[in-house]
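Please examine the model shown here with attention to its enclosed and open spaces, its strand pairing and the packing of one helix.

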Amino acid sequence: MKRSEFLQTCAAGVCGCGLMALLPPAPARAEEKKAQSAAPSAECEAQKRQLDGARERFAILVTIADEQLDAATRQKMLLRMGRECAKPYVAYFEKYRGNLPGFLAEAKAAWLESAEFDEKTGVLRTVGKPAPCACPLVKAGRTPASFCECSRGWNEAAFSTVIGKPVDVQIEESVLRGGKRCCFRVTIA
């Protein structure tokens with residue numbers, strides 16, 4: 001068993017604290033971790049190649065969907081994919097239900113450059129930080145721009161949960177569509 005697997009097992013509560021005494025002291029563990037991070041292992045390189053291969057295949061899948069599905073069906077599928085992708089974060093979104101300013105403050109710290117909410121019109125405009133696409137499935141230069149509909153679905157799930165009402169999300173700018181960042185207009189329905 002690798003040390004990382006052992007520690008995960010311990011973190012899950014399978015072993016007692018007494019077994020921690022069997023590990024090297026903290027400074028030795030820190031030095032070992034530093035040495036491991038300095039030179040990527042063959043396993044790490046293999047995982048990078050595997051991930052790149054998965055991104056390439058995913059880009060091909062989205063390209064095929066673009067070719068084989070009518071626009072309405074493709075959009076419906078990708079919006080659903082985004083909502084499904086957001087499901088693991090529901091507890092996080094729920095934490096901010098009814099607290100849009102709190103959620104936006106967290107989002108600004110993580111991925112948004114700015115967010116402006118006009119309470120009179122019920123329109124929120126989010127401006128992402130200049131960056132490559134945040135989705136780990138995207139392969140730059142290969143994934144079709146239609147995939148941005150997935151991000152619409154993710155944003156719909158996030159903001160409808162936080163706001164507590166249905167929202168409509170429109171893409172104003174996206175990296176996959178040639179922009180420097182991703183910007184969305186969120187309208188409370």
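The report below treats the pocket and cavity, then the strands, then one helix.

**Pocket and cavity**

The structure is a predicted model, and the volumes that follow were computed from it. The largest pocket has a volume of about 700 Å³. Its lining comprises 23 residues, and those nearest the centre of the pocket are Trp111, Ala134, Cys135, Ser151 and Trp154. Three elements, α5, β2 and α7, each supply at least two residues of this lining. Of the contributors, α7 gives the most, with 4 residues.

A search of the whole structure for cavities of 30 Å³ or more returns 1. The space in the largest cavity amounts to about 40 Å³. Its lining is formed by Cys133, Phe147, Cys148, Ser151, Ser174, Leu176 and Cys182. Ser151 is thus listed both in the lining of the largest cavity and among the residues nearest the centre of the largest pocket.

The table sets out the lining of each space by residue class.

| Space | Nonpolar | Polar | Charged |
|---|---|---|---|
| Largest pocket | 18 residues | 4 residues | 1 residue |
| Largest cavity | 5 residues | 2 residues | no residues |

**Strand pairing**

Which strands pair with β4? Strand β4 covers residues 183-188 and pairs with β2 in the antiparallel sense over 5 bridges. In this pairing Val127 stands opposite Cys183 of β4. Strand β3, residues 167-173, also pairs with β4 in the antiparallel sense, here over 6 bridges. Val169 stands opposite Val186 of β4. Strand β2, one partner of β4, is also one of the elements that supply at least two residues to the lining of the largest pocket.

**Helix α6**

Helix α6 spans residues 100-110, and its buried residues are Leu100, Gly102, Phe103, Leu104 and Ala107. Which elements cover these buried residues? The cover includes the helices α5 (90-95) and α7 (148-163) together with the strands β1 (112-118) and β2 (123-128). Three of these elements, α5, β2 and α7, also contribute to the lining of the largest pocket.

At the start of α6 there is a polar contact from side chain to backbone: a side-chain oxygen of Asn99 comes within 2.9 Å of the backbone nitrogen of Gly102. Gly102 is itself one of the buried residues of α6.

Key
Residues numbered from 1 in each chain as written. Predicted model: local features only at pLDDT ≥ 70, side-chain atom pairs only at ≥ 80, totals over all residues. Heavy atoms only, no water. Buried < 20%, exposed > 50% of the residue type's maximum accessible area, 1.4 Å probe, protein only. Contact = heavy atoms within 4.5 Å. Polar contact = N/O pair within 3.5 Å; in protein donor to acceptor, adjacent residues only side chain to side chain. 1 Å grid on protein atoms, 1.4 Å probe; cavity = no way out; pocket = protein on both sides within 12 Å on 5 of 7 lines; lining within 4 Å. Points joined across faces, edges and corners; volume = space filled by probe spheres on them. Nonpolar A, V, L, I, M, F, W, Y, C, P; charged D, E, K, R; others polar. Pairing = 2+ DSSP bridges.
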